[in-house]
Structures are given as structure tokens and as C-alpha cells.
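Here are my notes on the model you sent, set out as numbered points. I have kept to what can be followed with the sequence and the coordinates open side by side.

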Amino acid sequence: MTSRKKSDELFHRASVKIPGAVNSPVRAWKAVGAAPIFIESGSGATLIDADGNAFLDYVCSYGPAILGHAHPRVTQAIAEQSRLGLGFGAPTRLEVELAELISSAIECAQKVRLVTSGTEAGLTALRLARAATGRTNIIKFDGCYHGHSDSMLVRAGSGAMTFGQPDSGGVPSAVAAMTMVARYNSIETVEGLFRAAPEKIAAVIVEPVAANMGVVNPDPGSLKVLAEIAHANGALLICDEVISGFRLCFGSIAESMGVAPDLIMLGKIIGGGMPVGAIAGPAKIMDLLAPVGPVYQAGTLS
Ligand SMILES: *Cc1c(COP(=O)(O)O)cnc(C)c1O
């Protein structure tokens with residue numbers, strides 16, 4: 001790197017107006033131990049920073065940039081659509097086509113609701129699961145990330161089979177207490193939680209391949225067992241495929257392992273770099289969403 005003068009200038013300006021100089025915490029490079037560089041442009045696998053340094057990009061926007069940056073067909077499509085308008089507060093043909101495409105790639109995705117982030121997909125999934133089962137509690141796995149909604153910012157205490165402690169300021173302990181934390185690849189901890197709170201657990205939410213604590217593969221067959229345990233206890237299985245979906249295969253990695261999730265969360269790649277997420281599943285659950293059913297969910301730019 002020849003110089004980082006302009007990045008440093010931008011960092012100082014950003015620090016004045018933006019908390020921590022960034023709009024998402026990992027970009028602050030706390031774990032890197034340096035001030036972040038500011039990116040000017042990207043093309044294919046190459047990034048150019050504000051000082052003109054070139055980098056080979058291994059971050060890929062944390063997942064969405066699977067085609068690389070600024071692929072000519074993508075930029076052309078965006079330019080053409082921008083001339084037709086960006087959003088209308090009314091439905092469009094392109095939404096229908098995207099829902100049909102997702103549905104054609106993922107068998108359990110009979111119906112799809114498009115949102116603007118993985119976080120939103122997660123909070124809608126939990127609301128749907130609670131409405132579908134009439135229950136309150138959720139089992140998540142220590143180390144899995146499901147966005148920054150209150151009930152998902154929870155980790156295990158010292159033991160794995162504990163009720164959740166909030167992992168962030170501003171999360172009421174009453175909300176965190178409804179999130180129960182199991183250990184990834186430990187079916188026993190899941191069974192223990194079901195025994196501890198029978199008839200209370202609405203859903204088990206899991207990354208079918210964990211990707212937010214390094215990459216951790218599920219033990220062979222464990223996802224299937226997880227689905228069976230959830231169903232035997234009257235709970236749903238929510239597969240968070242925000243990062244694995246359309247990346248490890250075209251569609252759902254859970255389905256490729258022979259598991260049909262009750263709800264699936266998508267994000268990152270389905271937006272190709274733009275803010276898009278989705279929640280999908282069988283019609284009988286998805287039709288609980290407003291305006292058909294009683295579960296409210298909405299978005300000006302969805
Ligand atoms: C990135 C990610 C999310 C959150 O998506 P955002 O669009 O950042 O809100 C949720 N779940 C998983 C597995 C993710 O990797």
C-alpha cells in the first residue's frame with residue numbers, strides 16, 4: 001500500500017459525524033487493529049481505495065458480491081431500471097419475477113415476502129413462528145448470527161443450556177429471556193431446552209452451515225435430526241440462509257441436505273449488492289402475513 005493519506009482524512013471526517021466512523025460495526029476494523037481504508041470503486045475482484053491502492057477483494061461485501069463488483073450486465077440492468085423509477089409504493093412486475101425465481105430454486109419457498117435486509121427477514125420469521133404456534137420462546141445456537149433484532153442479540157451464559165442474556169445494551173432482559181441458547185452441533189443441548197420449556201418453544205433458528213463464527217459445518221445428518229426434534233415438540237425449524245442461500249448452491253443448502261425448513265431467511269446474494277432480503281415458506285405459514293393474515297409486516301422500500 002503506497003499511501004493511506006486520503007483514507008485517514010476520510011476516517012477523521014467520518015469520526016466527527018458517524019458513530020465510530022462506520023455504518024456497520026465490523027467495518028471499523030477493530031479486529032484488524034488499524035483504521036479502515038475507504039473504498040472508491042470495485043471492479044470484478046479488485047477494489048480501489050481513496051488513495052488509488054488496488055486490493056484483491058476477499059470480503060465480497062460480506063457475501064452479496066458473488067458476481068464480483070460492477071459486472072457490466074448488472075450495472076446496465078440497474079442503469080436501465082433507474083431511468084424507469086426506483087420505487088412507487090405500488091407492486092411491480094420485477095417483484096413477481098424475483099419471487100417466482102426464488103420459489104423455483106427452493107422447494108419449500110411456496111410463498112415469498114421481500115424485505116430490505118437479513119435482519120428484517122429474521123424478525124419477520126420469528127413473528128410468523130410465534131403466530132403460527134401461539135408460543136413465545138425461540139432456540140438459537142451460540143455463535144450463529146441472525147441480524148440485530150432484540151431477540152437475536154443473545155448468547156449463552158457460561159453453560160450452554162441457559163436462558164439468554166442480552167448481548168447488547170438496550171435489549172430488555174424480558175425479551176432476551178425468551179431466547180434460549182443451544183450449542184451448535186449439540187443435539188443434546190437442544191433436547192435439554194425442549195425438556196426445560198415444554199410447549200413454550202415456537203421455533204429453532206439455525207444457520208444450516210454456520211458462517212458467523214468462522215465456517216462450521218453441521219455434523220452429517222444433524223440438521224435432519226434438528227427438524228425432527230423441533231417438529232416432535234410442535235415447533236418450527238427456521239433456516240437462516242442469508243449467507244448460505246444461493247452461495248453454497250443455487251437455492252437452499254438445507255434442502256440440498258434433505259431438510260425442508262418451515263421458514264427460510266434470505267438476504268445478501270439475492271440483492272446482488274443492493275438491500276434485499278426475503279422470508280419464504282409454505283403458503284399455510286406465509287399467508288399469516290398481512291394483508292391476508294394477522295401478522296403485521298411492512299416496508300416502504302420493500
Ligand atoms: C448477514 C447475516 C444476517 C443479517 O443480514 P443483514 O442484511 O446484515 O441484516 C443474518 N443472518 C446471517 C446468517 C447473516 O450472515
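1. Helices and strands are named here from DSSP runs, with at least four residues for a helix and at least two for a strand, and they are numbered from the N terminus. The model is predicted, and the points below should be read with that in mind.

2. In the loop between β3 and α2, where Y62 is placed, two backbone values deserve a look. Y62 has a positive phi of about 65 degrees although it is not a glycine, and S61, which lies in the loop between β3 (54-56) and α2 (72-84), likewise has a positive phi, near 60 degrees, without being a glycine. Both side chains can be judged for exposure: S61 is partly exposed, with a relative accessible area of 41%, and Y62 is partly exposed at 46%.

3. How do helix α6 and helix α7 pack? Helix α6 (residues 187-196) and helix α7 (residues 222-232) have axes 11 Å apart, at an angle of about 10 degrees; angles under 35 degrees count as roughly parallel, and α6 and α7 are therefore described that way. From α6, the residues I187, V190, E191 and F194 meet S222, V225, L226, I229 and A230 of α7. Seven of the residues in this contact are nonpolar, one is polar and one is charged.

4. The largest nonpolar core has 25 residues, and I139, F141 and L226 touch the most other members of it. Two or more residues come from each of β5 (137-141), β8 (179-182), α6, β9 (201-206), α7 and β10 (236-240), with α7 giving the largest share, five residues. Setting aside neighbours within four places in sequence, L226 is in contact with F141, I187, V190, V204, V206 and L237. Another core, of 21 residues, lies apart from this one and has L128, I138, M265 and L289 among its members.

5. T116 sits in the loop between β4 (111-115) and α4 (118-133) and is partly exposed, with a relative accessible area of 26%. Its side chain makes a polar contact of 2.3 Å with the side chain of E120. Residues up to four places away in sequence not being counted, T116 touches P275, V276, G277, L301 and S302. The C-alpha atoms of T116 and M274 are separated by 8.6 Å, although these residues are 158 residues apart along the chain.

6. Finally, a cis peptide bond, with omega about 10 degrees, joins A290 and P291; P291 lies in the segment after α9 (283-286).

Key:
Residues numbered from 1 in each chain as written. Predicted model: local features only at pLDDT ≥ 70, side-chain atom pairs only at ≥ 80, totals over all residues. Heavy atoms only, no water. Axes fitted to C-alpha atoms, helices over the stretch in contact; angles between N-to-C directions. Parallel < 35°, antiparallel > 145°, perpendicular 65-115°, else oblique. Contact = heavy atoms within 4.5 Å. Nonpolar A, V, L, I, M, F, W, Y, C, P; charged D, E, K, R; others polar. Core = buried A, V, L, I, M, F, W, Y, C linked by side-chain atoms within 4.5 Å. Buried < 20%, exposed > 50% of the residue type's maximum accessible area, 1.4 Å probe, protein only. Polar contact = N/O pair within 3.5 Å; in protein donor to acceptor, adjacent residues only side chain to side chain.
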